[in-house]
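Subject: Handing over a structure, with notes on what was found

Dear colleague,

I am passing a structure on to you, and I would be glad if you could look through it with the notes below at hand. They go from one part of the chain to the next, beginning with a helix.

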Amino acid sequence: MAVKAQRIYSEQWNPSEDEIKSLFPVDDLKSEIGRDPGIKVLRDDEIRLQYPGQYNISVQARAYNQQLVQLLQEYYTTYCNSPELAGLLGIQIPQIMWVDTLGFEEALISLHISKLNKQEIFINDIVLVKNEEFDLLSDGTMEKILNNLRLFAKEQGARYLSGYATNRSTLNLLKSKGFIEDKREGMGNDYLWRIATIRGEQLPFYEEL
């Protein structure tokens with residue numbers, strides 16, 4: 001008999017349109033990319049339906065935080081790239097995604113965040129490059145974006161900013177920007193860190209704001 005979610009774990013936030021629009025320094029991006037990146041904003045179900053695998057990264061993180069091991073074992077492998085996963089796990093967390101409309105196969109500018117819990121904003125994905133060769137934006141522009149994100153997180157009542165780095169090089173880049181390896185026992189990330197180091201991917205990181 002399939003295991004069922006016994007309750008709903010949900011969070012709320014209420015960022016203003018100005019807070020959402022002010023995250024990216026558009027003039028700096030225009031200067032580095034050579035044209036306006038045309039940042040668009042997606043919310044919640046738009047992300048869940050268009051980018052389910054990416055949406056589910058923070059859903060999985062919250063499930064681990066809540067120690068929903070049985071539910072993860074029952075559903076994650078089959079539904080990790082499905083819009084249905086959050087409902088099966090009983091996780092409802094708000095998400096926002098900023099992404100360029102430049103038309104390249106891969107986005108040059110993309111930031112996807114979730115309110116993981118009452119104290120934490122989770123970075124599902126972050127891409128900050130200026131061309132198809134994936135050359136990074138300048139340190140100054142990256143710092144502006146990350147500082148804007150830190151301010152945004154604080155305005156939503158967060159104490160921490162966290163996420164999973166796709167690989168070691170991404171983790172090292174984030175560490176150079178002030179983040180540290182996330183081995184917090186209370187969040188279950190000590191276990192996740194051990195697994196991630198074996199696989200060399202999805203490496204937890206965080207910063208206290």
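**Helix 7 and its surroundings**

In helix 7, the buried residues are T141, M142, I145, L146, L149, R150, F152 and A153. Please bear in mind throughout that this is a predicted model. Helix 7 covers residues 139–155, and because each of its 17 residues should add 1.5 Å, a span of 24 Å is expected, which agrees with the 24 Å that separate its end C-alpha atoms. After helix 7 comes G157, which has a positive phi, near 85 degrees.

A residue from another part of the chain also meets this helix. K177 sits in the loop that runs between helix 8 (168–176) and strand 8 (180–181), and with a relative accessible area of 10% K177 is buried, because buried means under 20%. If residues up to four places away in sequence are left out, K177 touches D139, M142, E143, L146, R150 and E207; of these partners, M142, L146 and R150 are themselves among the buried residues of helix 7.

On the other side of helix 7 in sequence, L136 is placed in the loop between strand 6 (120–128) and helix 7. L136 counts as partly exposed, at 42% relative accessibility, and its contacts, apart from neighbours within four places in sequence, are L128, V129, K130, M142 and L173. M142 is therefore a residue that both K177 and L136 touch. As for distance, L136 and E17 lie 119 residues apart in sequence, and their C-alpha atoms are 27 Å apart in space.

**Two pairs of packed helices**

How do helix 2 and helix 7 pack, and at what angle? Helix 2, which is made of residues 26–33, packs with helix 7 at an angle of about 150 degrees, and the two axes are 10 Å apart. Because an angle over 145 degrees counts as roughly antiparallel, helix 2 is roughly antiparallel to helix 7. The crossing in which helix 2 passes helix 7 is left-handed. The residues that meet are D28, L29 and E32 from helix 2 and T141, K144 and I145 from helix 7, and by class this contact has two nonpolar residues, one polar residue and three charged residues. Of the residues on the helix 7 side, T141 and I145 are among those that are buried.

The other pair is helix 4 (residues 52–65) with helix 5 (residues 69–79), whose axes come within 12 Å and cross at roughly 170 degrees. That angle makes helix 4 roughly antiparallel to helix 5. Helix 4 contributes N56, Q60, A63 and Y64 to the contact, while helix 5 contributes L72, Y76 and Y79. In terms of class, five of the residues in the contact of helix 4 with helix 5 are nonpolar and two are polar, and no charged residues take part.

**Positive phi outside glycine**

Most residues other than glycine have a negative phi, and so the following residues may be worth a look when you go through the backbone. D44, which is not a glycine, has a positive phi of about 40 degrees; D44 is located in helix 3 (residues 44–50) and is partly exposed, its relative accessible area being 29%. Q202, also a residue other than glycine, has a positive phi near 50 degrees. Q202 belongs to the loop between helix 9 (189–199) and strand 9 (203–208) and, at 31% relative accessibility, counts as partly exposed.

**Two further loop residues**

E201 is found in the loop between helix 9 and strand 9, and E201 is partly exposed, with a relative accessible area of 42%. Apart from neighbours within four places in sequence, E201 is in contact with A165, T166 and A196. From V41, E201 is 160 residues away in sequence and 27 Å away in space, taken C-alpha to C-alpha.

Is D182, in the loop between strand 8 and helix 9, buried or exposed? At 1% relative accessibility, D182 counts as buried. Its contacts, not counting residues up to four places away in sequence, are S162, N189, W193, P204, F205 and Y206. D182 and A158 are 24 residues apart along the chain, with 16 Å between their C-alpha atoms.

With best wishes

Conventions
Residues numbered from 1 in each chain as written. Predicted model: local features only at pLDDT ≥ 70, side-chain atom pairs only at ≥ 80, totals over all residues. Heavy atoms only, no water. Helix = DSSP H or I, 4+ residues; strand = E, 2+ residues; numbered from the N terminus. Expected span 1.5 Å × (residues − 1). Buried < 20%, exposed > 50% of the residue type's maximum accessible area, 1.4 Å probe, protein only. Contact = heavy atoms within 4.5 Å. Axes fitted to C-alpha atoms, helices over the stretch in contact; angles between N-to-C directions. Parallel < 35°, antiparallel > 145°, perpendicular 65-115°, else oblique. Left-handed = near helix turned anticlockwise from the far one by under 90°. Nonpolar A, V, L, I, M, F, W, Y, C, P; charged D, E, K, R; others polar.
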